[in-house]
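Here is a friendly walk through some side-chain contacts and one helix pairing. Please keep the viewer open while you read.

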Amino acid sequence: MDTNVIVSQMIILFLILALGYFIFKIKLVDDNFTKQFSALVIKVTMPALLLSSVLDITERQPLRDVLTSFGIAVALFFIVMPIVGFLLAKLFRVKRNCTGLYVFMATFSNVGFTGFPVISALAGEVGLFYAAIYNLVFNVAVFTLGVWLVNHDKDGESSGFDIKLLLSPGVIAALLAIALYFMNIKLPVLLCETIRSVGSITSPSAMLIIGCTLAKIDIKTVFSDWRLYPW
């Protein structure tokens, strides 16, 4: 993709984020609105965006590429990044009872609000399809290994895992998208257009929410803890 197109798309997303920051600061929206709007994006528009990723793919992706992407995602979220996070925690002398949290931050970044809108804008449906694969592995990892990391205390005890945590709209949508792709199922035109329309509002909506969220944060506190910089 042309560099100018990438830069333009990033600027557009940033401007929408700035708009969200502005409308929250002038109290056009409040915290309650932000929470409800976030739930709408997470549970409705983002799953629709993931589903729409397979609706417009005209050229079948090589099975080897799909399986390779899946394998890379598993290696990243379950092996590579946890090791990197642990080494960073040791290097920056993070307290023992906070190590799990810092490893979690290094391993699991924001692949939803920021990831999908950017991928959708820059890589289109094919990129979004591969992102759905990564998102599926990400959610399994974050609700298994991630839960253990956050709850693991200095005595080595952790809370139990609830399988229901995996049944989020994002995971279900990713599974449906992959199933539709491999089974080559064609949905009715009207249903496809509906899914596309709902999914298309995810990018601007997510950026607005991030802007509203940043408007509630004391910027000074973000830069005060030097240990957070590597993350």
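Is Lys35 buried or exposed? With a relative accessible area of 55%, Lys35 is exposed, because the cut-off for that class is over 50%. Bear in mind throughout that this is a predicted model.

## Salt bridges around Asp31

Searching the whole structure turns up three salt bridges. One of them joins Lys35 to Asp31, with 3.5 Å between the closest N and O atoms. Both residues belong to helix α2, which covers residues 31–52. Lys35 and Asp31 are four residues apart there, about one turn of the helix. Their accessibilities fall into separate classes: Lys35 is exposed at 55%, while Asp31 is partly exposed at 28% relative accessibility.

Asp31 also takes part in a salt bridge with Lys216, where the closest N and O atoms are 2.5 Å apart. This pair links distant parts of the chain, since Asp31 sits in helix α2 and Lys216 in the loop between α9 and α10 (219–224), 185 residues apart. Lys216 is partly exposed, its relative accessible area being 40%. Taken together, Asp31, Lys35 and Lys216 are linked in a network of salt bridges.

## A salt bridge within helix α8

Which side chains meet in a salt bridge at 2.9 Å, N to O? They are those of Glu193 and Arg196. In helix α8 these two are three residues apart, and so about one helical turn separates Glu193 from Arg196.

On accessibility, Glu193 counts as partly exposed at 41%. Arg196 is also in the partly exposed class, at 23%; the value for Arg196 is partly exposed rather than buried because buried means under 20%.

## How α8 and α9 pack

Helix α8 (residues 189–200) has a partner in helix α9 (residues 202–215): their axes come within 5 Å of each other and cross at roughly 25°. The two helices are therefore roughly parallel to each other, as angles under 35 degrees are placed in that class.

Which residues make the contact? From α8 come Val198, Gly199 and Ser200, and they meet Thr202, Ser203 and Pro204 of α9. By type, the residues of this contact comprise two nonpolar, four polar and no charged.

## Aromatic pairs

The structure-wide search for aromatic pairs finds three. In one of them, the ring centres of Phe77 and Phe138 are 5.4 Å apart and the planes stand at 80°, so the pair is edge-to-face. Phe77 belongs to helix α3 (residues 63–91) and Phe138 to helix α5 (residues 111–142), so this pair ties together parts that are 61 residues apart in sequence. Both Phe77 and Phe138 are buried.

What is the arrangement of the rings of Tyr181 and Phe182? Their centres lie 5.3 Å apart with the planes at 80°, so this pair is edge-to-face. The two partners are not alike in accessibility: Tyr181 is buried, with a relative accessible area of 3%, whereas Phe182 counts as partly exposed at 39%.

Note on methods. Residues numbered from 1 in each chain as written. Predicted model: local features only at pLDDT ≥ 70, side-chain atom pairs only at ≥ 80, totals over all residues. Heavy atoms only, no water. Axes fitted to C-alpha atoms, helices over the stretch in contact; angles between N-to-C directions. Parallel < 35°, antiparallel > 145°, perpendicular 65-115°, else oblique. Contact = heavy atoms within 4.5 Å. Nonpolar A, V, L, I, M, F, W, Y, C, P; charged D, E, K, R; others polar. Salt bridge = Lys/Arg side-chain N within 4 Å of Asp/Glu carboxyl O. Buried < 20%, exposed > 50% of the residue type's maximum accessible area, 1.4 Å probe, protein only. Phe/Tyr/Trp six-rings, centres within 6.5 Å; stacked < 30°, edge-to-face > 60°.
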